[in-house]
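Trainee: I have this model open on my screen and would like a close look at a single part of it. Could you walk me through the main sheet and what surrounds it?

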Amino acid sequence: TTVWTVASVPLQVGANSISASATDLAGNSGQVLLTIHRDNTPPLVSITTPASDPFATGASSEFISGTASDAVLLSTVTWSNNRGGSGACAIIGGNWNIAPNPPGLVTGLSPGLNVITVTATDAAGNTTTDTVTINYDTTPPAVAFSTPAAGTVNQNPTIDATGSASDNVALAGV
């Protein structure tokens with residue numbers, strides 16, 4: 001048995017075939033072929049749900065999913081919340097979703113801004129990230145009448161009313 005080493009075998013981007021052969025004293029030979037992929041291109045990852053960024057919700061959990069791909073081999077997709085929590089994503093074809101039951105549901109959002117980062121890693125260790133900001137808003141909007149004054153008595157069949165509304169994030173409508 002002989003142990004052999006070849007240092008610094010150059011690799012081109014893509015598939016590389018490397019062969020090794022040996023011959024014994026009787027003239028018998030053996031050969032082995034090895035294919036190595038050189039991948040210096042990061043994978044692609046995209047958050048598709050929720051569709052808007054930033055996204056506001058009144059719930060402490062939210063569905064998150066998207067797509068990921070790689071030119072050679074996608075290895076993992078993971079998620080993390082800047083406010084705490086992280087985990088693996090389930091990869092089905094070119095789609096991924098957060099792994100807990102039910103699939104895609106991120107639980108444990110903290111009140112305020114939660115920045116969810118999704119990271120795709122390929123077999124070569126290249127990474128790409130995408131983020132979505134989810135605002136878990138538990139504060140109701142403030143609504144007030146300007147006119148008419150409280151206790152107003154009116155003889156007409158209609159009255160004009162004015163007022164104001166404000167919210168700590170954004171109003172969807174009044």
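Mentor: Happy to; I will start with the whole chain, then go into the sheet, and end with the parts that lie around it.

Please keep in mind that this is a predicted model. The protein has 14 strands and zero helices, so read along the sequence the pattern is simply β-β-β-β-β-β-β-β-β-β-β-β-β-β. Its C-alpha trace spans about 120 × 25 × 25 Å along the principal axes. The radius of gyration is 29 Å, while a compact globule of 174 residues would come out near 16 Å. Of those 174 residues, 23% are buried. The accessible surface comes to about 11300 Å², and carbon and sulfur atoms account for 55% of that surface. Among the contacts with a separation of 6 or more, 53% join residues 24 or more positions apart.

Now to the sheet itself. It is an open sheet of eight strands with mixed pairing, and the order across it is β3-β6-β9-β8-β7-β11-β12-β4. At the edges you find β3 (44–49) and β4 (55–57), each of which pairs on one side only. Ignoring direction, neighbouring strands of this sheet are turned by 30° against each other on average. Begin at the β3 edge: β3 pairs with β6 (residues 65–69) in the antiparallel sense, over five bridges. There, Leu44 stands opposite Ser69 of β6.

Next comes the core. Nonpolar side chains in soluble globular proteins tend to be buried together. Here the largest nonpolar core has 18 residues. The residues with the most contacts inside this core are Ile64, Val77, Trp96, Ile98, Val106, Ile116 and Val118. At least two core residues come from each of β3, β7 (74–81), β9 (95–98), β11 (112–122) and β12.

A good residue to click on is Ile134, which lies in strand β12 (residues 127–136). Is Ile134 buried or exposed? Its relative accessible area is 0%, and the cut-off for buried is under 20%, so Ile134 counts as buried. Leaving aside residues up to four places away in sequence, Ile134 touches Phe55, Thr57, Glu62, Ile64, Leu109, Gly112, Leu113, Asn114 and Ile116. Two of the names on that list, Ile64 and Ile116, also appear among the core residues with the most contacts. For a sense of scale, Pro42 is 92 residues from Ile134 in sequence and 26 Å away in space, C-alpha to C-alpha.

Now look at a loop of the sheet, the one between β7 and β8 (86–92), where Asn82 is found. Asn82 touches Leu113, Asn114 and Val115, again not counting residues up to four places away in sequence. Ile116 is 34 residues from Asn82 in sequence, yet the two are 6.7 Å apart in space, C-alpha to C-alpha.

The loop between β3 and β4 deserves a stop as well. Most residues other than glycine have a negative phi, and most peptide bonds are trans. In this loop sits Pro50, and the peptide bond from Thr49 to Pro50 is cis, with omega near 5°. Pro54 has its place in the loop between β3 and β4 too, and the bond leading into it from Asp53 is likewise cis, with omega near 5°.

Finally, let us turn to the hairpin that comes earlier in the chain. Strands β1 (residues 14–23) and β2 (residues 29–38) pair in the antiparallel sense over 10 bridges. Thr23 has Ser29 of β2 as its bridge partner. Five residues lie between the two strands, and Gly27 in this hairpin takes a positive phi near 90°. His37 is found in β2 and, at 47% relative accessibility, counts as partly exposed. Beyond residues up to four places away in sequence, His37 touches Gly14, Ala15 and Val72. Ser86, by contrast, is 30 Å from His37 in space, C-alpha to C-alpha, and 49 residues away in sequence. In the segment before β1 you will find Ser8, whose phi is near 55°, a positive value in a residue other than glycine. Ser8 is exposed, with a relative accessible area of 71%.

Methods:
Residues numbered from 1 in each chain as written. Predicted model: local features only at pLDDT ≥ 70, side-chain atom pairs only at ≥ 80, totals over all residues. Heavy atoms only, no water. Pairing = 2+ DSSP bridges. Helix = DSSP H or I, 4+ residues; strand = E, 2+ residues; numbered from the N terminus. Axes fitted to C-alpha atoms, helices over the stretch in contact; angles between N-to-C directions. Buried < 20%, exposed > 50% of the residue type's maximum accessible area, 1.4 Å probe, protein only. Contact = heavy atoms within 4.5 Å. Rg over C-alpha atoms; globule rule 2.2 N^0.38 Å. Areas by Shrake-Rupley, 256 points an atom, 1.4 Å probe, with all protein chains shown as cover. Core = buried A, V, L, I, M, F, W, Y, C linked by side-chain atoms within 4.5 Å.
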